[in-house]
Amino acid sequence: MSTEQAVRGAIQTHSKRVWRFGLALSGASDVADDLLQATALRALEKHHQVTSFERLDSWLMTICRSIWLNEIRARSVRKAQALSVTPEAELVAHNTDSETNIFAAQVFTQVMQLPEAQRETVMLVFVEGYSYREAAAMLDVPIGTIMSRLSNARQKLKTAMQHDVADCVRRGGK
């Protein structure tokens, strides 16, 4: 199999994961679409740089992040954007019950409120299942930074979800 064929296969296999990561980075589904397209194009252009077929998913995520950072630099925008309207079909799991999907959507909304660095780390580790070491390599940060970001993100998510539960209890009691 040629490297171009392998890259094409990886793009097809991992496109949803790259799109979700693009959404986590940008906060907007239309930008995630653009990031996915740009990632696919860049990967095909650079297929000759592939040295191993084992972790092409990590390579695609790294390309996606690089494109996003270049876009940020070009616009001189350094703060995270708010979550735009995201198609429900992209966030729901079709083999789970509706309560699980509602809860997942609520958690995802809270994740999108995190600072960009924590948001991208949460998406890579908790959603996409990369190890701390893999995420650190993709984000080009020490593994301790990954652990710190995840710890801070967990605390923020826990606090936000506790506030949501308290609000529901107050509304239910009236």
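In the predicted model, the chain exposes about 10300 Å² of surface, of which carbon and sulfur atoms supply 54%. Of the 174 residues in the chain, 38% are buried. The secondary structure comes to 8 helices and 0 strands, and the order of elements from the N terminus is α-α-α-α-α-α-α-α. Among contacts with a sequence separation of 6 or more, 69% join residues 24 or more positions apart.

Helix 6 takes part in two of the helix pairs described here, one with helix 1 and one with helix 7. In the pair with helix 1 (residues 3–26), the axes come within 8 Å and cross at roughly 160°. This angle is over 145 degrees, so helix 1 is roughly antiparallel to helix 6. The crossing of helix 1 past helix 6 is right-handed. On the side of helix 1, the contact is formed by Arg20, Phe21, Ala24, Leu25 and Ser26, which meet Glu116, Arg119, Glu120, Met123, Leu124 and Val127 of helix 6. By residue class, this contact holds 6 nonpolar, 1 polar and 4 charged residues.

The second pair consists of helix 6 (residues 116–127) and helix 7 (residues 132–139), whose axes come within 9 Å and cross at roughly 140°. This crossing angle falls in none of the ranges for roughly parallel, roughly perpendicular or roughly antiparallel axes, and helix 6 and helix 7 are therefore oblique to each other. Here too the crossing is right-handed. Glu120, Thr121, Leu124 and Val125 of helix 6 meet Tyr132, Ala135, Met138 and Leu139 of helix 7. The residues of this contact divide into 6 nonpolar, 1 polar and 1 charged. Glu120 and Leu124 are listed in the contact with helix 7 and also in the contact with helix 1.

Two residues of helix 8 were examined for their surroundings. Leu150 is located in helix 8 (residues 143–173). Its relative accessible area is 0%, so Leu150 counts as buried, the limit for that class being under 20%. Leaving aside residues up to four places away in sequence, Leu150 touches Thr121, Val122, Val125, Phe126 and Tyr132. One of these partners, Phe126, lies 24 residues from Leu150 in sequence, with a C-alpha to C-alpha distance of 9.2 Å. Thr121, Val125 and Tyr132, which touch Leu150, also appear in the contact of helix 6 with helix 7.

Arg149 is likewise placed in helix 8. With a relative accessible area of 16%, Arg149 is buried. Its contacts, again without residues up to four places away in sequence, are Ala117, Gln118, Glu120, Thr121, Leu139 and Val141. Among them, Glu120, Thr121 and Leu139 belong to the contact of helix 6 with helix 7. Thr121 is touched by Arg149 and also by Leu150.

Gln113 lies in the loop between helix 5 (98–111) and helix 6. Its relative accessibility is 53%, so Gln113 counts as exposed, a class that begins over 50%. Gln113 and Ala24 are 89 residues apart along the chain, and their C-alpha atoms are separated by 9.9 Å. Ala24 is one of the helix 1 residues that meet helix 6.

Note on methods. Residues numbered from 1 in each chain as written. Predicted model: local features only at pLDDT ≥ 70, side-chain atom pairs only at ≥ 80, totals over all residues. Heavy atoms only, no water. Helix = DSSP H or I, 4+ residues; strand = E, 2+ residues; numbered from the N terminus. Buried < 20%, exposed > 50% of the residue type's maximum accessible area, 1.4 Å probe, protein only. Contact = heavy atoms within 4.5 Å. Areas by Shrake-Rupley, 256 points an atom, 1.4 Å probe, with all protein chains shown as cover. Axes fitted to C-alpha atoms, helices over the stretch in contact; angles between N-to-C directions. Parallel < 35°, antiparallel > 145°, perpendicular 65-115°, else oblique. Left-handed = near helix turned anticlockwise from the far one by under 90°. Nonpolar A, V, L, I, M, F, W, Y, C, P; charged D, E, K, R; others polar.
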